[in-house]
Amino acid sequence: MSVAFAGNSTTGSSREAGPLRVMIVDDSVVIRGLISRWIGAEHDMEVAASLRTGLEAVNQIERINPDVAVLDIEMPELDGLSALPQLLAKKRDLVIIMASTLTRRNAEISFKALSLGAADYIPKPESTREASAADIFHHDLIQKIRHLGARLRRRPTVASPPLAPASPAPVARGPVARPAAPAPAPTVHAPSSGALVTRPFSTQAPKALLIGSSTGGPQALMTLVAELGPVIDRVPVLITQHMPPTFTTILAEHLARASRKPAAEAVDGEPVKPGRIYLAPGGKHMRVVRSGADTAIALDDGPAVNFCKPAVDPLFTSAIDIWHGGILSVILTGMGSDGMRGGKDIVAAGGSVIAQDEASSVVWGMPGAAANAGICAAILPLNQIGTRVNRLFAGDRS
């Protein structure tokens, strides 16, 4: 049957459309049962197999031939991290989503799995009896299966680079009226998915760099921040990556290693200064606010925005009150449309937006929403974004 996947532009198909075949690998019978029921209720996916160990998955992968595998980390006989490369060796295009409880050890393993070829990760609730935790797990898992599986319905994408190796890191509010910026005449950018309208970069010198990302974001962020040393020295860099607590702690450590600059989860009330990377902590929205003559971090535990906490839009929108049109924002790979509304506000205030292109994105949801809204000054492959950002901060706004 024909299947439409929301949040992605799927202009071509490399295989027959049909229900995504999902293999569930988890030693918990409760988790296997939950996930099986959730998948069975979706029209565009089906349970291909429900297995207890990684060894069973490796031995049966060729017979089952799944599109997506939900792979637990802690299992008897063969754990998820050990099974991962063996599964990919037997089926190179298998989409693997790592599942784990929210501990630092499991978060570290999940990051390692991303470097070994896993497509994404998802934290499992410690207890499925907590309705809210189970609902979030349900929503996020189905969305990840659907959107990551959509890659099988289009031409192959560029593989994401590995995360930085684990070595010691160096020492390292509400809407307000804003002046409207004149709308420049648009130009046309033509990526693989068709012509998209772009606009010139702002003529204002950027005073801050804001980055938003989600699915595929950790790998993309590693690539980008490694190229931004001169920018980080001059202005603050603020990042919102859709991630739970503990995971953001570890991501900040990876960012510090990749950039060789101080990077940490933001702390409520701390001053915002050049030379540092501020990462929104999992479970909190990050904004910037005035603190006397300075700028400070403001964290809040309000409701999810765009189904996410932290979300990109609160950061983008709050920054306008601080830097007005002196903002350069970058929207990287991710599901949904978070960042698009905040990006519109930034452009209206006189700032600029860059979006990652479809071919280099794991999921072209967030950057695609911004690109299709016509708010971007550039739509670029991941490996070109760092160069363009450096040029913009050096004064070249062509």
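Hi everyone, let's start with the sheet of seven strands: in this predicted model it is open, with parallel pairing, and the strand order is 10-11-9-8-14-15-16. Which strands stand at the edges? They are strand 10, at 263-265, and strand 16, at 378-380. Each has a single partner strand, so one side of each has no neighbour in the sheet. Going from one strand to the next, the twist averages 20°.

If you have the viewer open, look at that second edge with me. Strand 15, residues 352-356, pairs with strand 16 in the parallel sense, and three bridges connect them. One residue pair to click on is Ile-354, whose bridge partner in strand 16 is Ala-378.

Now for the helices that pack on this sheet. Helix 6, residues 217-225, touches strand 8 (208-213), strand 9 (237-241), strand 11 (277-279), strand 14 (327-331) and strand 15. The direction of helix 6 makes about 165° with that of strand 9. Then there is helix 12, residues 382-393, which packs on the sheet and touches strand 8, strand 14, strand 15 and strand 16. For helix 12, the angle with the direction of strand 15 is about 160°.

Let's move on to the other sheet. This one is open too, with five strands in the order 2-1-3-4-5 and parallel pairing. At its edges we find strand 2 (45-51) and strand 5 (120-124); each has a single partner strand, so one side of each is left without a neighbour there. Neighbouring strands are turned by 25° against each other on average, ignoring direction.

Inside that order, strand 3 (residues 68-72) runs parallel to strand 4 (residues 95-101), and five bridges join them. Among the residues involved, Ala-69 has Ile-96 of strand 4 as its bridge partner. Helix 1, residues 29-40, packs on this sheet, touching strand 1 (20-25), strand 2, strand 3 and strand 5. The direction of helix 1 makes about 165° with that of strand 2.

My last stop is a helix pair. How do helix 2 and helix 3 lie relative to each other? Helix 2 (residues 54-64) and helix 3 (residues 80-90) pack at about 0°, with axes 9 Å apart. Angles under 35 degrees count as roughly parallel, and therefore these two helices are roughly parallel to each other. On the helix 2 side, the contact is made by Gly-54, Ala-57, Val-58, Asn-59, Ile-61 and Glu-62. Helix 3 contributes Ala-83, Gln-86, Leu-87 and Lys-90. Sorted by class, that contact has five nonpolar, three polar and two charged residues.

Thanks, everyone!

Key
Residues are numbered from 1 along each chain as its sequence is written. This is a predicted model: local features need pLDDT of at least 70, side-chain atom pairs count only at pLDDT 80 or more; totals for chains, interfaces and linings use all residues. Side-chain values use heavy atoms; hydrogens and water are left out. Two strands pair if DSSP finds at least two bridges between them. Helices (H or I, at least four residues) and strands (E, at least two) are DSSP runs, numbered from the N terminus. Axes are lines fitted to C-alpha atoms, for helices over the stretch in contact, and angles run from 0 to 180 degrees between N-to-C directions. Contact means heavy atoms within 4.5 Å. Angles under 35 degrees count as roughly parallel, over 145 as roughly antiparallel, 65 to 115 as roughly perpendicular and the rest as oblique. Ala, Val, Leu, Ile, Met, Phe, Trp, Tyr, Cys and Pro count as nonpolar, Asp, Glu, Lys and Arg as charged, and the others, Gly among them, as polar.
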